[in-house]
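Visitor: I am new to this structure. Please take a close look at one strand and its partners, then go on from there to the rest of the chain.

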Amino acid sequence: MFSNIQNQLFNNHILSLSQFDRMMLEDLIQAILYMKTHGMPNALSGKVIGSCFMEPSTRTRLSFDVAIKRLGGHVIGFDNNENTSSRKGESLSDMMCVISSYVDAIILRHPKEGSAYLASQLSSVPIINAGDGSNQHPTQTVLDLFSIYESQNTLDGLTILCVGDLKYGRTVHSLIHALSYFKVQFIFVAPEGLQLPQYLIEDLDHNHIAYEVYSHLEKAIPQADIIYMTRIQQERLDDTEYQYLVTPYLLKKAMLKKAKSNMKILHPLPRLNEIELAIDHTPFAYYFQQATNGMYARMALLTLLLNKQAHWGTLT
Ligand code: CP
């Protein structure tokens, strides 16, 4: 299985969804399936990965850490920028230049849009964008796509309802980009002032992807195959924006009475109060399986990034 595919990810940076196409994403889904069913304990044998988190993270950092360990690699790095020499004024450029001389790849989370691209210009090893401000979070999107595929058995013909902070939510930006390679339609529900940025609307128009904008969440639910909930990205709002923000949308169990039987709810997490806890124990909830899939998705991505010929059968 997959022993003949061209590994276009080998030795490349992972910065944005624009570097993928439909075929690459379909191949990745198969690679994640393989990781989930077989694993590959020696794929990163002898490799050291730098994990550089300059913004808080639970899932992304820990799922990368555990993915590296399950593939037989080692991880070094930091999860708190306060303990690095950036506190003394060192630039990101210098930091990336030095760390890339120690490791085989760097995972970077940073609060500024474009930081992963900047790092890629200075690093001698692949940079993996683990979230750059409100811009992109490509590895989250890979696990989101896999979770949609796993729950629906297809990525075509689906209606995806995106809810919440569509302005600053980088996971939803990356997801919309990725799903545009497939035959989907979107419904957007966002609080006043947090609607999808114009450039993404223009991308949808350019790609002839159908979308509708609703103000009532409950009215949109019966059409949805996937509800993709997001939290308000308070850390990216200025005080004025936050002060005037309307109440965020809350998905309640009672609102799901007319949902399709196989509809699934995703959320990149962390959840604040967007999803009522009572939903957790319904068959609609898929956000915890989604978070688990993050580990397998990152195992697949790291394996492809650092092994030219990912002969799935022979690397095990
Ligand atoms: N989904 C996500 O990026 O979660 P963390 O911020 O906890 O990594």
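Guide: The account below begins with a strand in the second domain and then moves outward.

This is a predicted model, in which local features need pLDDT of at least 70 and side-chain atom pairs count only at pLDDT 80 or more, while totals for chains, interfaces and linings use all residues. Residues are numbered from 1 along each chain as its sequence is written, and side-chain values use heavy atoms, with hydrogens and water left out.

The strand is β8, residues 226-229. Helices (H or I, at least four residues) and strands (E, at least two) are DSSP runs, numbered from the N terminus. In β8, Ile226 and Tyr228 point one way, Ile227 and Met229 point the other way, and all are buried. Buried means under 20% relative accessible area, exposed means over 50%, and partly exposed lies in between (1.4 Å probe, protein chains only). In a regular strand the side chains alternate between the two faces of the sheet.

Strand β8 has a parallel pairing with strand β5 (residues 158-163), over 4 bridges. Two strands pair if DSSP finds at least two bridges between them. In β5, cysteine 162 stands opposite tyrosine 228 of β8. Cysteine 162 has 0% relative accessibility, so it counts as buried. Strand β9 (residues 264-266) also runs parallel to β8, joined by 3 bridges. Here isoleucine 226 is opposite lysine 264 of β9.

The loop between β8 and α9 (239-243) contains arginine 231. Its relative accessible area is 15%, so arginine 231 is buried. Setting aside neighbours within four places in sequence, arginine 231 is in contact (heavy atoms within 4.5 Å) with Asp165, His267, Pro270, Leu272 and Glu274.

Next come the aromatic rings. A search of the whole structure finds 3 aromatic pairs. Rings of Phe, Tyr and Trp (its six-membered ring) pair if their centres lie within 6.5 Å; planes under 30 degrees apart count as stacked, over 60 as edge-to-face and the rest as tilted. Phenylalanine 188 and tyrosine 211 form a tilted pair, because their ring centres are 6.1 Å apart and their planes stand at 40°. Phenylalanine 188 is in strand β6 (residues 184-189) and tyrosine 211 is in strand β7 (residues 210-213), so this pair ties together parts that are 23 residues apart in sequence. With a relative accessible area of 3%, phenylalanine 188 is buried, whereas tyrosine 211, at 27%, is partly exposed. Another pair joins tyrosine 287 and phenylalanine 288: the centres are 5.2 Å apart and the planes at 65°, so this one is edge-to-face. Tyrosine 287 is buried at 1% relative accessibility, and phenylalanine 288 is partly exposed at 44%. Ring pairs also link Phe186, Phe188 and Tyr211 into a cluster.

Cysteine 162 leads to the matter of disulfides. A disulfide is a covalent bond between the sulfur atoms of two cysteines. With a cut-off of 2.5 Å between cysteine sulfur atoms, the structure holds 0 disulfides. For cysteine 97, the closest cysteine sulfur is in cysteine 52, 13 Å away, which is too far for a bond. Cysteine 97 is partly exposed, with a relative accessible area of 42%.

Two helices deserve a word. The expected span of a helix is 1.5 Å times one less than its number of residues. Helix α5 (residues 138-152) has 15 residues and should span 21 Å, and its end C-alpha atoms are 21 Å apart, which agrees. Of the 15 residues in α5, 13 are buried. Just after α5, asparagine 153 takes a positive phi of about 65°. Helix α1 (residues 22-37) has 16 residues and should span 22 Å; the distance between its end C-alpha atoms is 23 Å, which agrees. The buried residues of α1, including Leu25, Leu28 and Ile32, pack against α5, α6 (170-179) and α10 (287-306).

The last topic is the whole chain. Its domain assignment gives domain 1 (3-136 + 294-306) and domain 2 (138-291), with bounds taken from an automatic or database domain assignment. The C-alpha centres of the two domains lie 25 Å apart. The contact takes 35 residues from domain 1 and 27 residues from domain 2.
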